[in-house]
Structure formats: C-alpha cells, structure tokens
Amino acid sequence: MAIIAMTMSSCLFKTEATVDVTVKNPLGSTVGAGELVYKFVGTDKSTLYSSNADGSVATNASGVAHFELKSPGDFVPSGVGYDEQQTFIFCTYDKNGKRNGQMAVTLKPGDKNVPVEIKQTIIDE
C-alpha cells in the first residue's frame, strides 16, 4: 500500500513544460506587471471568453507571465508511454472582457522556458 501511495504522489502535478509569455501593447512595448494571461488547453475550447480558460497568470514587471504546465491536467503524465504534444492557447482580454491578443503554441513534455509573445491589438468598440 505504501508503494502505491508513493507512486501516485510522485505522479501528481509534475511540471512537464514551462512557457514564458511576454505581452506587448499595440505600440510594441511590454505591458508591465499585473496583466492577466489566460491559458487554454487544446483547441476545442472557445477563447472568446476568459471564463473558458484553464487558468491564468499575471505578468511580472517585465511583462512576462511564467506558466508551469503540469500533468495530470495539461499533459498526460510522463512515464506512461505517451510523448504526445499538446496545443496551448494564451490570451489577454481588455477591461470590457473582449479578447485583445492571443497566441497558440504546441509543446511536448520536456520543453522548458519556451518563449511566446502576444502583441495586443486595438479592438473597435
């Protein structure tokens, strides 16, 4: 029983990949701290609304949001015979809740500090 418990706990929430999302405003400058970047796992979810996201991280002073993509959840746990890649979509939203930037990236377990850049656009009201 102890061996099963140790095996199960070692598989829970293992970081499989990391992504650094830099957010730039429409003028090309980084946005600074506090901009929420939303993560969507897969391409079958609507990114039109932030409420559909699988999580979010705020940017730091450099305008970078650091995501640790884990298994289970983001990826199938490594070591069980899967080396499948997974597509992630990262989005930002304006103060009215409209998507104003997004970028998709396909990752596989083991990818570390993958740089992604979102350049926000001006949305007509």
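In the predicted model, threonine 18 has glutamate 68 of strand 4 as its bridge partner. This pair belongs to the contact between strand 1, which covers residues 14-24, and strand 4, the two running antiparallel and being joined by 8 bridges. Strands 4, 1 and 7 together make up an open sheet of 3 strands in the order 4-1-7, with mixed pairing. Because strand 4 (64-71) and strand 7 (114-119) each have a single partner strand, they stand at the edges of this sheet, and one side of each is left without a neighbour in it. On average, and with direction ignored, neighbouring strands of the sheet are turned by 30° against each other.

Glutamate 68 also takes part in a salt bridge, its partner being lysine 70, with the closest N and O atoms 3.2 Å apart. Glutamate 68 is partly exposed, at a relative accessible area of 43%, and lysine 70 likewise counts as partly exposed, at 25%. In general, side chains of opposite charge can pair when their charged atoms come close. The count of salt bridges in the model comes to 5, among them one between glutamate 117 and lysine 24, in which the closest N and O atoms are 3.5 Å apart. Since glutamate 117 lies in strand 7 and lysine 24 in strand 1, this pair ties together parts that are 93 residues apart in sequence. Glutamate 117 has a relative accessibility of 39% and counts as partly exposed, while lysine 24 is partly exposed with a relative accessible area of 22%. Another of the salt bridges joins lysine 45 to aspartate 54, the closest N and O atoms being 2.4 Å apart; lysine 45 is partly exposed at 33%, and aspartate 54 is partly exposed at 33%.

A further set of pairings involves strand 5, which spans residues 86-93. Strand 5 pairs with strand 2 (residues 36-41) in the antiparallel sense over 4 bridges, and within this pairing phenylalanine 40 has isoleucine 89 of strand 5 as its bridge partner. The pairing of strand 5 with strand 6 is also antiparallel and extends over 8 bridges, with glutamine 102 of strand 6 serving as the bridge partner of cysteine 91. Strands 5 and 6 form a hairpin in which 5 residues lie between them, and in the turn glycine 97 has a positive phi of about 85°.

Strand 5 is mostly covered, 6 of its 8 residues being buried. Threonine 92, which is placed in this strand, has a relative accessible area of 0% and is therefore buried. The side chain of threonine 92 makes a polar contact of 2.7 Å with the side chain of asparagine 100. Beyond four places in sequence, the residues touched by threonine 92 include Val23, Glu35, Leu36, Val37, Ile118 and Gln120, as well as Lys98, Arg99, Asn100 and Gly101.

In soluble globular proteins, nonpolar side chains tend to be buried together. The largest nonpolar core of the model has 17 residues, of which Val19, Val21 and Phe90 touch the most other members. Two or more residues are given to this core by each of strands 1, 2, 4, 5, 6 and 7, and strand 1 gives the most, with 4 residues. Valine 19, with neighbours within four places in sequence left aside, is in contact with Ala65, His66, Phe67, Leu69, Phe90, Leu107, Val114 and Val116. A second, separate core consists of 5 residues, including Tyr38, Phe40, Ile89 and Tyr93; Phe40 and Ile89 are the bridge partners noted above for strands 2 and 5.

Two features of the backbone concern loops. Most residues other than glycine have a negative phi, and most peptide bonds are trans. The peptide bond from serine 71 to proline 72 is cis, with omega near -5°, and proline 72 lies in the loop between strand 4 and strand 5. Asparagine 113, a residue other than glycine, has a positive phi near 50°. This asparagine 113 lies in the loop between strand 6 (99-107) and strand 7, and its relative accessibility of 48% places it among partly exposed residues.

Terms used. Residues are numbered from 1 along each chain as its sequence is written. This is a predicted model: local features need pLDDT of at least 70, side-chain atom pairs count only at pLDDT 80 or more; totals for chains, interfaces and linings use all residues. Side-chain values use heavy atoms; hydrogens and water are left out. Buried means under 20% relative accessible area, exposed over 50%, partly exposed in between (1.4 Å probe, protein chains only). A polar contact is a pair of N or O atoms within 3.5 Å; within protein, one must be able to donate a hydrogen and the other to accept it, and residues adjacent in sequence count only if both atoms are side-chain atoms. Contact means heavy atoms within 4.5 Å. Two strands pair if DSSP finds at least two bridges between them. Axes are lines fitted to C-alpha atoms, for helices over the stretch in contact, and angles run from 0 to 180 degrees between N-to-C directions. A salt bridge is a side-chain nitrogen of Lys or Arg within 4 Å of a carboxyl oxygen of Asp or Glu. A nonpolar core is a set of buried Ala, Val, Leu, Ile, Met, Phe, Trp, Tyr and Cys residues joined through side-chain atoms within 4.5 Å.
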